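I opened this entry to keep a record of what I looked up, going slowly and noting each term as I met it.

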Amino acid sequence: MPTARPLDEVAVRTSFARFRVASIVEGIALLVLVSIMVMRYVVFGGDGWFTTTSPFWEHVSSVWSPIHGLIYMVYVVLGFDLWVKMRWALPRMLLLMFFGVVPVLSFFGERWTHQAMEDDLARRPTLQDEQDPATGVE
Amino acid sequence: MGAMLRIALRPRYLGLLAAMVVATIVCGVLAGWQWDRAHHALTEKANGAEQLGDLREVVQPGDAVTNAIVGDTVTVSGRYASGQQIIVPGRSVGEVEAVIVVSDLLVELEDGTLAHLPVARGWLPAEEITGPDGALDPELAPAPPEGEVALSGRLEASEAATGGLSASVASEIATPLLVNEWGSPMYAGYLALDEPGGGLQPLPAAESRFSQGLDWQNIGYSFQWVLFGLFFLYLWWRSVRTARLDELADQREAMQRTLGDAAPPADGSAAPLATTPPGPRTSTDQLSDKDV
């Protein structure tokens with residue numbers, strides 16, 4: 001449903017560029033984390049669940065986990081920035097956060113988000129439309 | 001404010017609010033969990049090192065030396081394997097460059113097998129075992145006593161191996177390295193002697209984040225969970241606000257449309273703009289392009 005408040009297409013695209021980088025970085029960071037977890041709990045796993053016999057991988061994991069956590073937070077903040085500028089509904093923000101926690105999904109999530117953004121920019125009025133009323137739709 | 005409340009009370013936004021409150025509660029629980037973890041170490045180790053008795057009753061070879069028993073005192077008897085001794089240089093105790101001497105104690109288990117227990121017998125200044133060529137000489141480290149010994153010391157977890165072990169010199173007291181050199185079965189930790197002999201000094205307690213008492217990392221995680229929980233509520237408020245602003249803009253647009261219909265088309269683009277309140281810009285040009 002189109003609304004009268006125009007989107008700022010330039011700001012939206014800038015936000016998206018940042019979000020795209022964050023998605024890719026978060027995707028890679030998560031894959032690294034999963035690999036470390038596999039090494040820690042599966043390859044060098046102990047007898048019980050979530051036990052390990054490898055102090056090395058335990059150490060690696062204790063270093064990388066907080067770093068990954070930080071990367072995820074940056075991802076969420078940049079996703080939030082895009083979400084605010086697109087004025088999307090609440091569930092979509094949860095979806096963006098979800099993309100970041102499932103391995104590999106953030107790569108596809110980024111493309112899905114891009115498509116959703118392009119659709120909305122085409123469908124909804126933008127500030128930039130106003131500057132050039134002749135073209136109407138971008 | 002009243003208008004915001006009206007939107008917030010719609011079923012859709014109430015439902016979303018319920019979901020967000022659940023998410024916030026989950027985050028709160030996780031924050032509490034991290035908070036407890038941070039304080040666990042304090043309460044656990046507040047009364048100092050515990051006397052746990054015989055090592056063989058406390059931990060089995062290969063089993064993890066968990067936080068619950070690290071730093072506690074155990075007793076053990078066995079005999080030192082001759083010639084199986086390494087030195088771990090590069091430590092500093094106070095201002096002194098220290099070298100730790102680690103020997104291999106053979107502990108007889110109940111079933112008769114001999115298990116290897118690395119024993120950090122103590123430290124000595126690096127200069128004392130530096131050979132004439134200026135390099136550390138493991139041969140200069142005092143040899144362990146022979147025959148059956150009864151020892152008492154602090155149980156410590158294995159250090160993480162970062163370097164290798166060559167020519168009886170290692171950079172860490174790491175059982176994964178020692179097991180290759182000395183053989184298995186081996187305990188997954190080491191004993192730091194309370195009363196070293198042979199001119200060695202007792203080791204200071206190994207420092208881990210756990211042993212330092214209040215774990216600030218967990219405190220940090222706890223606050224992060226609180227922030228995360230509040231973030232969900234903030235998201236909900238933002239979405240209500242967005243809905244409100246969108247509706248305001250729609251109303252304004254509708255009003256402009258009526259005004260625009262009433263006024264002659266020529267100045268229709270200018271007149272309503274003048275009455276538009278500050279906020280997101282809209283224009284009748286755009287209306288005619290997009291919405292009609």
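I began just past helix 4 of chain B, where Gly183(B) follows with a positive phi near 100°; helices here are DSSP runs of H or I with at least four residues, strands are runs of E with at least two, and both are numbered from the N terminus. I noted that this is a predicted model, in which local features need pLDDT of at least 70 and side-chain atom pairs count only at pLDDT 80 or more, while totals for chains, interfaces and linings use all residues. Residues are numbered from 1 along each chain as its sequence is written, and chains are lettered from A and ligands numbered from 1 in the order in which they are written.

Next I asked which residues of helix 4 (residues 175–182) of chain B are buried. I found Thr175(B), Leu177(B) and Leu178(B), where buried means 20 or more other C-beta atoms within 10 Å of the residue's own, exposed means 12 or fewer, and partly exposed lies in between, with C-beta atoms placed from the backbone. They lie on the same side of helix 4 of chain B, because they cover an arc of only 150° around the axis, taken from the directions from the helix axis to the C-beta atoms.

I then turned to chain A, which has five helices and zero strands, and where buried residues make up 32% of the 138 residues.

Last, I looked at Ile71(A), found in helix 2 (residues 55–86) of chain A. Ile71(A) counts as buried because it has 21 C-beta neighbours inside 10 Å. I also noted that Ile71(A) and Ala22(A) are 49 residues apart in sequence, yet 7.8 Å apart in space, C-alpha to C-alpha.
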